[in-house]
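Biologist: I would like to learn how to read the features of a structural model in order, from the overall fold to single side chains. Could we work through one example together?

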Amino acid sequence: MTGVLGQSALIAGTVSTGLIAGVFFAFSTSVMPGLAHTDDRTFVDAMQQLNVAILNPVFLLLFMAPLPALGVAVITGPSRSWVIAALVLYVVAFGITMAGNIPLNDALMAAGLSDDASKLRAAREAFEDPWNRLHLIRTIGVVASFACCIGAALRA
């Protein structure tokens, strides 16, 4: 049962994982370092706006797509051990997002955009370092997942 369905699932999983790896990598290497040099109000406002903007159908589809695609590829596709590794790594990164990054995003949104400088500073301090640490781990996980997808495709 490693025919067209398995190959298609592996391709879909590879492409969607690669796109998410790119988004996460771009955040790690440009967005967050750029925001690190801004004042607290700009940082909080920008992150709140980014968190709203990223909740769009295209991103959500691509973010979710590796889960079923790689799941199907594990069952029907070639290079099963590589695909299992890719799926496990993606599930870990997905879990970090759901359990860590999203609650931090929600807390930052709940903080609002106060005119009180101390509230803005406190909101940023509660968010920035923990979010960046979690983001680094999930970025490494998704990039490693993508590498495993490539490994599976090369062995197919």
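Modeller: The discussion below moves from the whole chain to its cysteines, one arginine and the aromatic rings. Please keep in mind that this is a predicted model.

Biologist: Let us begin with secondary structure. How many helices and strands are there in the chain?

Modeller: The chain has six helices and zero strands. Read from the N terminus, the order of elements is therefore written α-α-α-α-α-α, each run being assigned by DSSP.

Biologist: What are the spans of the C-alpha trace along its principal axes?

Modeller: The C-alpha trace spans about 60 × 25 × 20 Å. Of the 156 residues in the chain, 38% are buried. The accessible surface amounts to about 7900 Å², and carbon and sulfur atoms account for 72% of that area.

Biologist: Contacts can also be sorted by separation in sequence. What share of the contacts between residues at least 6 apart joins residues at least 24 apart?

Modeller: In this chain that share is 82%.

Biologist: And the charges: how far apart are the mean positions of the positive and negative ones?

Modeller: The chain carries 8 positive and 9 negative charges, and their mean positions are 14 Å apart.

Biologist: I should next like to understand the cysteines. How many disulfides does a search of the whole structure find?

Modeller: The general idea comes first: a disulfide is a covalent bond between the sulfur atoms of two cysteines. In this structure the search finds zero disulfides. Cys 148 takes part in none, its nearest cysteine sulfur being that of Cys 149, 7.3 Å away.

Biologist: Why is there no bond between Cys 148 and Cys 149?

Modeller: The sulfur of Cys 149 has its closest cysteine sulfur in Cys 148, and that separation of 7.3 Å is too far for a bond; the cut-off is 2.5 Å. Cys 148 is buried at a relative accessible area of 12%, and Cys 149 is buried at 1%.

Biologist: Consider a charged side chain now. Is Arg 124 buried or exposed?

Modeller: Arg 124 has a relative accessible area of 4%, so Arg 124 is buried, the limit for that class being under 20%. Arg 124 belongs to helix 6, which covers residues 117-155. Beyond its neighbours within four places in sequence, Arg 124 is in contact with Leu 35, Ala 36, Thr 38, Asp 39, Asp 40, Phe 43 and Val 44.

Biologist: Finally, the aromatic rings. How many aromatic pairs does the count give?

Modeller: The count is seven aromatic pairs. One of them joins Phe 24 and Phe 63, with ring centres 6.4 Å apart and planes at 55°, a tilted arrangement. This pair links distant parts of the chain, since Phe 24 lies in helix 1 (residues 4-36) and Phe 63 in helix 3 (residues 57-64), 39 residues apart. Phe 24 is buried at 4% relative accessibility, and Phe 63 is buried at 6%.

Biologist: What arrangement do Phe 59 and Phe 63 form?

Modeller: Phe 59 and Phe 63 are stacked, with 5.6 Å from centre to centre and 10° between the planes. The two residues both lie in helix 3, four residues apart, which is about one turn of the helix. Both are buried.

Biologist: Which residues form one aromatic cluster?

Modeller: The cluster consists of Phe 24, Phe 59, Phe 63, Tyr 90 and Phe 94.

Conventions:
Residues are numbered from 1 along each chain as its sequence is written. This is a predicted model: local features need pLDDT of at least 70, side-chain atom pairs count only at pLDDT 80 or more; totals for chains, interfaces and linings use all residues. Side-chain values use heavy atoms; hydrogens and water are left out. Buried means under 20% relative accessible area, exposed over 50%, partly exposed in between (1.4 Å probe, protein chains only). Contact means heavy atoms within 4.5 Å. Accessible areas come from the Shrake-Rupley method with a 1.4 Å probe; for residues, only the protein chains shown count as cover. Lys and Arg count as positive and Asp and Glu as negative; His and the chain ends are not counted. The place of a charge is taken as NZ of Lys, CZ of Arg, CG of Asp or CD of Glu. Rings of Phe, Tyr and Trp (its six-membered ring) pair if their centres lie within 6.5 Å; planes under 30 degrees apart count as stacked, over 60 as edge-to-face and the rest as tilted.
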